Amino acid sequence: MSQFWKPGTEKPRLIDDEEGGVLFLTASASSSSSGYGFASIEKQRQRLPVYKYRTAILYLVETHATTIVVGETGSGKTTQIPQYLKEAGWADGGRVIACTQPRRLAVQAVASRVAEEMGVKLGEEVGYTIRFEDATSTGTLIKFLTDGVLLREMMDDPLLTKYSVIMVDEAHERSISTDILLGLLKKIQRRRPELRLIISSATIEAKSMSAFFQTSRRRRGLQDAEPALAMEPAILSVEGRGFNVQIHYVEDPVSDYIQAAVSTVLLIHDKEPFGDILVFLTGQEDIEAAVKLLTEEARDNRKSSSGLIVLPLYSGLSRAEQELIFSPTPRGKRKVVISTNIAETSLTLEVSDIENLVVAPISKASARQRAGRAGRVRPGKCYRLYTEEYFVNEMATEGIPEIQRSNLVSCVIQLKALGIDNILGFDWPASPSPESMIRALEVLYSLGVLDDDAKLTAPLGFQVAEIPLDPMISKMILSSNQLGCSEEVLTIAAVLSIQSIWVSSRGIQKELDEAELRFAAAEGDLVTFLNVYKGFLQSGKSSQWCHKNYINYHAMKKVVDIREQLRRIAQRLGVTLKSCDKDMQVVRKAVTTGFFANACRLEPFTHNGMYKTVRTSQEVYIHPSSVLFRVNPKWIVYHSIVSTDRQYMRNVATIEPSWLREVAPHFYRQDGPDPMLH
DNA sequence: GAGCACTGC
């Protein structure tokens with residue numbers, strides 16, 4: 001039998017760290033034999049740093065309402081802790097152990113790893129749930145899910161009663177859903193004293209997290225029940241398995257950071273014996289510039305840069321181009337990967353031999369995470385293109401939590417649906433600004449989702465909350481019912497919920513533009529999507545057809561999939577499936593009922609394609625990727641804005657100005673700015 | 001005639 005702590009047996013030895021009660025286990029756990037008959041996997045599990053803390057973790061979870069585990073990547077906490085809990089009986093009696101992740105990919109990867117370690121079929125004892133995909137069964141004991149999915153589950157079961165332990169992993173990333181989840185879990189704890197929380201974080205912002213979860217016994221109504229349960233969160237540190245990474249700083253600030261990155265790569269190549277190089281830059285443009293510089297250098301000056309294989313890495317590249325970075329480096333060559341922050345968290349580079357790393361300014365936490373990428377398989381070096389003084393004095397410790405810099409419309413409606421009426425008084429781990437809250441409430445009110453008392457309206461508000469999409473899109477779907485164009489609008493909604501349906505690759509811009517023209521609709525991008533979708537279906541969902549038309553086949557498969565899910569949800573909410581055939585007027589009208597707040601009017605007399613938002617008179621332009629770029633119709637609504645040197649509207653549709661007051665009379669009041677002018 | 005990155009329901 002594996003060794004673990006049981007209530008009533010001798011406690012593991014723990015010492016209090018002087019710094020704020022951080023607990024370290026001093027006893028070394030004795031090795032145990034496998035109880036599963038998978039000796040090699042069991043051995044692997046025991047080699048993970050977290051294994052030493054198995055007993056301590058189980059002890060702390062047993063005796064504390066909340067346990068905060070601080071551990072670097074590679075400590076094994078994500079895969080092991082849920083298994084420890086299961087082995088200790090936390091999944092007995094029909095209870096389930098939950099472990100949340102911020103990203104879908106991580107959910108799937110971790111779940112399949114744990115299923116493999118336990119020797120069970122994925123979807124049975126070990127399962128996972130992500131949006132549009134549920135791989136669990138009634139026998140699931142350990143369930144991995146995105147934090148967003150767990151929030152959705154709270155709509156049906158506000159106290160999350162089936163879970164005995166909820167582990168919130170990667171809490172340091174501070175995604176909006178993680179923050180909402182933490183706030184709500186704190187509330188649940190008061191009603192469910194038997195529930196245990198594990199907050200797992202890679203950085204030592206554990207103290208603020210600990211302060212957040214500090215609750216008094218009286219407040220939780222626990223004067224008599226569970227007297228042994230500590231209300232103060234326990235904090236446990238688990239070391240990672242990373243190797244030492246030597247940090248280098250520049251002596252003086254650099255002015256041209258692309259040039260500095262290129263020079264540093266050449267310097268490393270010249271001075272260091274072996275190992276690949278990973279460079280972080282900010283965006284696609286800078287990356288292509290750096291790749292070009294390095295490639296030119298390789299051509300002009302063969303001596304200093306021969307043997308370099310330069311590879312860009314950003315989300316816009318095709319899957320095949322991205323996968324080049326995983327190809328083994330030939331003998332005598334050195335691979336240089338020049339990447340966006342996609343390599344910071346999203347891609348697993350553990351298997352590649354990264355020795356050196358160059359970094360551009362970000363937060364300290366991010367910088368540490370990037371440096372950590374150099375020490376995954378052996379000791380590495382990290383070259384920072386800023387001074388040590390800058391790192392120590394200027395750089396923010398953590399990035400700003402997403403909730404303090406984002407649109408809160410979805411977040412507010414979700415809290416409303418969970419019965420949290422006093423949104424402004426909600427107990428957040430990091431409070432969003434009241435202004436952004438009020439802006440979100442305004443939009444929801446104008447959509448008709450909230451009433452004068454800021455309560456969800458019936459049925460619209462509850463229906464919108466039920467659909468797992470941006471409330472503006474949900475509203476568009478629901479209003480398509482009366483307009484008789486639900487088939488078309490569901491397609492638009494599905495396309496809007498994926499990144500892009502076009503292939504994105506370097507050097508084919510012209511072909512791509514031409515392909516786009518074949519589908520372009522005068523009514524704008526959203527109607528263009530309908531043409532593409534129709535063509536895809538007519539081709540028999542052919543990948544060749546996609547290839548020929550520069551359309552991303554995998555994206556289209558996803559669109560079909562998501563559309564099917566949305567169709568089911570919409571029908572459940574009483575939307576009748578109906579096509580408007582060729583009548584695009586009703587489609588545009590449905591779009592307007594969702595996106596009226598994003599209405600813009602072309603500025604007359606400027607002739608440079610400048611628009612102003614009807615509501616706030618902000619200067620905006622149509623994005624160059626839009627089919628209406630340079631067409632500049634007078635009145636449009638946009639789906640989203642990208643801010644670069646200008647504010648660019650992405651995915652636009654033409655509208656009639658008279659519709660604005662028709663679909664949102666309170667928003668475009670008679671006494672307000674008159675959209676009918678001109 | 002021009003494009004910041006990434007994530008989620």
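**Exercise 1. Backbone outliers in loops**

Determine where P459 lies in this predicted model, and state which form the peptide bond from A458 to P459 takes.

*Solution.* P459 is placed in the loop between α16 (434-446) and α17 (460-466). The peptide bond that leads from A458 to P459 has an omega near 0 degrees, and it is accordingly described as cis. As background for this reading, most peptide bonds are trans, and most residues other than glycine have a negative phi.

**Exercise 2. Two positive phi values**

For E170 and D581, find the loop that holds each residue, and decide whether each is buried or exposed.

*Solution.* Begin with E170, whose phi is near 55 degrees, a positive value in a residue other than glycine. E170 sits in the loop between β8 (163-168) and α6 (176-191). Its relative accessibility is 15%, and because buried means under 20%, E170 counts as buried.

Turn next to D581, which is also a residue other than glycine with a positive phi, here near 60 degrees. The loop that holds D581 runs between α23 and α24. With a relative accessibility of 56%, D581 counts as exposed, because the cut-off for that class is over 50%.

**Exercise 3. The packing of α8 and α9**

Describe how helix α8 and helix α9 pack, and list the residues that meet.

*Solution.* Two packed helices are described by the angle between their axes and the distance between the axes. For α8 (residues 257-271) and α9 (residues 284-300), the angle is about 45 degrees and the axes are 10 Å apart. An angle of that kind falls outside the parallel, antiparallel and perpendicular ranges, and α8 and α9 are therefore oblique to each other. The crossing of this pair is right-handed.

On the side of α8, the residues in the contact are Y257, I258, Q259, V262, V265 and L266, and they meet D286, A289, A290, L293, L294 and E297 of α9. Sorted by class, this contact comprises 9 nonpolar, 1 polar and 2 charged residues.

**Exercise 4. The packing of α19 and α21**

Work out how α19 and α21 are oriented to each other, and which residues form their contact.

*Solution.* The axes of α19 (residues 486-496) and α21 (residues 525-538) come within 9 Å and cross at roughly 100 degrees. Since angles of 65 to 115 degrees count as roughly perpendicular, that is the description that applies to α19 and α21. From α19, the residues E488, T491, I492, V495 and L496 meet L526, F529, L530 and Y533 of α21. The classes of these residues are 7 nonpolar, 1 polar and 1 charged.

**Exercise 5. The surroundings of α19 and T491**

How many residues of α19 are buried, what covers them, and what is T491 in contact with?

*Solution.* Of the 11 residues of α19, 10 are buried, so that the helix is mostly covered. Among the buried residues are S486, V489, L490, A493 and A494. Their cover includes α18 (471-483), α21, α23 (553-572), α24 (584-595), β20 (635-643) and β21 (647-654).

T491, whose place is in α19, is buried with a relative accessible area of 2%. Leaving aside neighbours within four places in sequence, T491 is in contact with L530, Y533 and R563. T491 and I562 are 71 residues apart in sequence, while their C-alpha atoms are 8.9 Å apart in space.

Notes:
Residues numbered from 1 in each chain as written. Chains lettered and ligands numbered in written order. Predicted model: local features only at pLDDT ≥ 70, side-chain atom pairs only at ≥ 80, totals over all residues. Heavy atoms only, no water. Axes fitted to C-alpha atoms, helices over the stretch in contact; angles between N-to-C directions. Helix = DSSP H or I, 4+ residues; strand = E, 2+ residues; numbered from the N terminus. Parallel < 35°, antiparallel > 145°, perpendicular 65-115°, else oblique. Left-handed = near helix turned anticlockwise from the far one by under 90°. Contact = heavy atoms within 4.5 Å. Nonpolar A, V, L, I, M, F, W, Y, C, P; charged D, E, K, R; others polar. Buried < 20%, exposed > 50% of the residue type's maximum accessible area, 1.4 Å probe, protein only.
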